[in-house]
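Got a few minutes for some geometry practice? Load the structure below and work through the exercises before peeking at the solutions.

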Protein chains: 2
Amino acid sequence: MEARNADLRALIRTIPDFPKPGIQFRDITTLLLDARGFASSVERLASGLGTTPDLIAGIEARGFVFAAALAQRLGTGLLLIRKGGKLPGATIAEDYALEYGTDRLAMHVDACAPGATVHLVDDLIATGGSALAAVRLIRRAGAELAGASFVIDLPSLGGAERVRSEGVEIRALLSFPGH
Amino acid sequence: MEARNADLRALIRTIPDFPKPGIQFRDITTLLLDARGFASSVERLASGLGTTPDLIAGIEARGFVFAAALAQRLGTGLLLIRKGGKLPGATIAEDYALEYGTDRLAMHVDACAPGATVHLVDDLIATGGSALAAVRLIRRAGAELAGASFVIDLPSLGGAERVRSEGVEIRALLSFPGH
């Protein structure tokens, strides 16, 4: 797995002390700028899926990038899970804890038909707060969560384990130690 | 053109009085949820390009959706133009006027090689403030702006004309009268 992903890893830039001291920020913008790297990451996300779902769901904002590209690659529709207050129609919302305070994710209440299969995509899973909020939204809407894919997992922060414990099948293309 | 775009137009939902009274909000989330509509919109964005550019640039956040899907469709890299404070590396930034106050867009200063060709994508052009800020950023970085594509133009707000007057070739898949 490491050999197969070696080029993706090399395309991700690490920025120390962003957004605050002590955090090693994994910057995917350098991967996106590389045509072969971006195409390869989307291809690897696609190849990890079994049955093609009805919808790919992406979490605002970087998750939109990989979710939209994957939906385009697979020929599916795309479901946007946005920060609170951004969607114009009737929504359902879930709050989740940040280090200080809370944040909110929302989706349109009529975004998916009951029983539709939805695969969740985001660029990175850390503590899993936003991913778990998205999982809850998709299930509250009556859809079947078919799994979740991330480009990067930070396993020391435990998010992937938390989401798995909710019965969600998770994959990540790359794993980085530390924070 | 209207016949060709009739199905895209029908997939866009209009929400009255969002985000404030008097605004008819053109909601593209219903288009994205429709697999054929989403694929068709990306195909039409692609077919309007002459030479394939080096990079597709998308403006946060809805612009990321169409830009990422178009970059995936064309096999190019993707340049993210984000709200101020979001990018972790060294950036250049441009402020633009809102109805009340200003907003800021930024891009990584090293995001594109001088002379690289960049095609700008966003979901909608209204007054053109954010599109003009993105145009200035791409040109300040030394890249060649190869054009700009939007899914929706609101011509009564004059943004497309403003961007054209900066020498940028613009296309939009759909045009809606009024605001």
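Here come five exercises on a predicted model, each with a worked solution.

**Exercise 1. Find the operation that lays chain B on chain A, and say how the two copies are related.**

Solution.
- Step one: superpose. A turn of 180 degrees, with a shift of 0.0 Å along the axis, puts chain B on chain A at an RMSD of 0.0 Å.
- Step two: read off the symmetry. The copies are therefore related as by a two-fold rotation axis.
- Step three: look for the residue of chain B whose C-alpha sits nearest that axis. That residue is A69(B), at 2.2 Å.
- Step four: compare the contact surfaces. Both copies use the same surface, since 100% of the contact residues of chain B recur in chain A.

**Exercise 2. How much area do chain B and chain A bury between them, and which residues of chain B lose the most?**

Solution.
- Step one: recall the yardstick. An interface's size is often quoted as the accessible area lost when the parts come together.
- Step two: count the contacts. On chain B there are 39 residues touching 39 residues of chain A.
- Step three: get the area. The two chains bury about 3000 Å² between them, and 67% of it is on carbon and sulfur atoms.
- Step four: rank the residues of chain B. L33(B), Q72(B) and P88(B) lose the most area to chain A, together making up 22% of what that side buries.

**Exercise 3. Describe how helix α4 of chain A packs against helix α4 of chain B.**

Solution.
- Step one: choose the descriptors. A pair of packed helices is described by the angle between the axes and the distance between them.
- Step two: fill in the values. The axes of the two α4 helices, residues 62–74 in each chain, come within 8 Å and cross at roughly 45 degrees.
- Step three: classify. Since 45 degrees lies neither under 35 nor in the 65 to 115 range, α4(A) is oblique to α4(B).
- Step four: assign the hand. The crossing of α4(A) and α4(B) is right-handed.
- Step five: list who meets whom. From α4(A) come F64(A), V65(A), A68(A), A69(A), Q72(A) and R73(A), and they meet F64(B), V65(B), A68(B), A69(B), Q72(B) and R73(B) of α4(B).
- Step six: sort by class. The residues of this contact split into eight nonpolar, two polar and two charged.

**Exercise 4. Now stay inside one chain: at what angle do α3(A) and α4(A) pack, and what does chain B show for α3(B) and α4(B)?**

Solution.
- Step one: take chain A. Helix α3, residues 35–47, packs on α4(A) at about 70 degrees, with the axes 9 Å apart.
- Step two: classify the angle. That makes α3(A) roughly perpendicular to α4(A), and the crossing is right-handed.
- Step three: list the contact. F38(A), S41(A), V42(A), E43(A), L45(A) and A46(A) of α3(A) meet V65(A), F66(A), A69(A), L70(A), R73(A) and L74(A) of α4(A). By class, that contact holds nine nonpolar residues, one polar and two charged.
- Step four: repeat for chain B. There α3(B) and α4(B) pack at about 70 degrees, with axes 9 Å apart, and their crossing is right-handed.

**Exercise 5. Hunt for unusual backbone: which peptide bonds are cis, and what is phi of D17(A)?**

Solution.
- Step one: set the expectation. Most peptide bonds are trans, and most non-glycine residues have a negative phi.
- Step two: check omega. In chain A, a cis bond joins E60(A) and A61(A), with omega about -5 degrees. In chain B, the bond from E60(B) to A61(B) is cis too, with omega near -5 degrees.
- Step three: place them. A61(A) lies in the loop between β3 (55–59) and α4 of chain A, and A61(B) is in the loop between β3 (55–59) and α4 of chain B.
- Step four: check phi. D17(A) has a positive value, near 60 degrees, and is not a glycine. D17(A) belongs to the loop between β1 (13–16) and β2 (24–27) of chain A.

Notes. Residues numbered from 1 in each chain as written. Chains lettered and ligands numbered in written order. Predicted model: local features only at pLDDT ≥ 70, side-chain atom pairs only at ≥ 80, totals over all residues. Heavy atoms only, no water. Axes fitted to C-alpha atoms, helices over the stretch in contact; angles between N-to-C directions. Helix = DSSP H or I, 4+ residues; strand = E, 2+ residues; numbered from the N terminus. Parallel < 35°, antiparallel > 145°, perpendicular 65-115°, else oblique. Left-handed = near helix turned anticlockwise from the far one by under 90°. Contact = heavy atoms within 4.5 Å. Nonpolar A, V, L, I, M, F, W, Y, C, P; charged D, E, K, R; others polar. Least-squares fit on C-alpha atoms with pLDDT ≥ 70 in both. Buried area = accessible area lost by both parts, 1.4 Å probe.
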